[in-house]
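Me: Please take a close look at a single part of this structure, the nonpolar interior, and describe it in connected prose. I am a first-year student, so a term should be explained where it is needed.

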Amino acid sequence: MPDVSVQRLFDDNQEKNNLIWLTDNIGKDKIIPVGSLTDKDVGTIAHLNLTHPHRFQVLGQMELTYLKSLAKTQLSDALTRIFSDNLAALFITENADMFEPLREMAIKKEVAILGCSLSSADLINNLNYYLSQELAEETTIHGVFMVILEVGVLITGDSAVGKSELALELISRGHGFVADDAVDLYKIGPETIQGKCPPMLKDFLEVRGLGLINIRSIFGETAVRPRKNLKLIVHLERPPGGDLSAFERLPSHTPTQSILGIDIPKVVLPVAVGRNLAVLVEAATRNFILMQRGINSTQQFLDRQKEFMGIDHFDSSDKKD
């Protein structure tokens with residue numbers, strides 16, 4: 001996704017938010033880089049803030065009245081704080097009149113000032129959503145993205161391992177479909193990744209032997225979801241020679257996979273003849289939900305084992321064959 005310029009932000013939001021230029025296109029080429037959404041030092045958009053820098057500052061009647069009430073030296077200091085190096089544009093809301101010192105500083109610093117008729121709160125809400133989508137750090141991963149029991153689940157694995165057939169079975173069982181083959185993932189918050197389908201692939205699932213099928217047309221509107229936050233990864237893996245004994249039966253911890261700097265819980269399911277993968281993925285998702293509630297089935301078993309053995313501190317690593 002390309003970086004966002006002030007001109008592009010204006011073009012994308014002009015009609016919805018009744019935006020107008022108040023500084024004759026000054027600063028229209030200033031760039032806000034993709035990935036800046038999660039910048040811990042600079043906020044994205046907010047009401048007038050003189051202590052913490054933001055890329056976009058919003059001034060309504062109340063903020064302008066405050067600026068007009070300041071003495072000359074205080075106003076000069078406030079304007080210096082407003083027009084920090086990180087400022088991309090100012091918005092003046094509620095059809096408020098331009099404050100001339102603001103215009104002069106904007107021209108000097110080459111920063112755009114945009115006006116609109118909305119309230120400051122409405123404008124911030126609208127642009128927050130737009131910026132969270134456009135400025136999010138992103139990556140694309142090969143797999144199938146599903147919504148299972150309202151949990152965003154990314155199914156990964158080697159080509160031809162059966163991801164699409166598994167997705168079709170899950171859809172037929174009432175779960176939601178987001179994307180097949182290529183999944184666009186966006187870091188929309190410090191600990192949040194959202195998955196979407198690329199526009200070209202929207203609604204389509206490729207199944208060997210059937211070709212491309214339109215999930216929306218076959219299963220209806222409710223079978224397709226536009227987006228979902230990623231919570232769990234299920235990786236399908238063929239064991240060498242079909243031998244399942246190589247896989248750990250009682251994993252001591254839940255592995256994770258790092259995506260865009262965030263660790264996502266991961267479950268590895270061996271693929272073998274006769275295994276019902278759809279049921280296994282549903283069970284893995286249910287177990288994930290339980291673990292989010294603090295219920296760990298493996299730990300419950302170990303605690304019961306300790307109770308039956310009458311040992312207060314049982315360490316499996318000390319057990320010898």
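Reply: A nonpolar core is a set of buried Ala, Val, Leu, Ile, Met, Phe, Trp, Tyr and Cys residues joined through side-chain atoms within 4.5 Å. The model considered here is predicted.

Its largest nonpolar core has 27 residues, and those touching the most other members are Met146, Ile155, Leu166, Leu170, Leu205, Ile215 and Leu236. At least two residues of this core come from each of strand S8 (137-148), strand S9 (151-157), helix H6 (163-172), strand S12 (204-207), strand S14 (227-237) and helix H8 (277-292). Met146 may serve as an example: beyond its neighbours within four places in sequence, Met146 is in contact with Val151, Gly152, Val153, Ile155, Ala167, Leu170, Ile171, His175, Gly176 and Phe177.

A second core, separate from the largest one, contains 26 residues, including Phe10, Val58, Ala88 and Cys116. Cys116 is buried, with a relative accessible area of 3%. Cys197 also counts as buried, at 15% relative accessibility. The structure holds zero disulfides.

Val58 leads to a charged residue, for Glu63 touches Val58 as well as His47 and Leu48, when residues up to four places away in sequence are not counted. Glu63 lies in helix H2 (residues 61-69). Although Glu63 is buried, it has no salt bridge, and the nearest side chain of opposite charge, Lys68, is 11 Å away. The side chain of Glu63 does, however, reach the backbone nitrogen of Gly60 at 2.7 Å.

Notes
Residues are numbered from 1 along each chain as its sequence is written. This is a predicted model: local features need pLDDT of at least 70, side-chain atom pairs count only at pLDDT 80 or more; totals for chains, interfaces and linings use all residues. Side-chain values use heavy atoms; hydrogens and water are left out. Helices (H or I, at least four residues) and strands (E, at least two) are DSSP runs, numbered from the N terminus. Buried means under 20% relative accessible area, exposed over 50%, partly exposed in between (1.4 Å probe, protein chains only). Lys and Arg count as positive and Asp and Glu as negative; His and the chain ends are not counted. A salt bridge is a side-chain nitrogen of Lys or Arg within 4 Å of a carboxyl oxygen of Asp or Glu. A polar contact is a pair of N or O atoms within 3.5 Å; within protein, one must be able to donate a hydrogen and the other to accept it, and residues adjacent in sequence count only if both atoms are side-chain atoms. Contact means heavy atoms within 4.5 Å. A disulfide is a pair of cysteine sulfur atoms within 2.5 Å.
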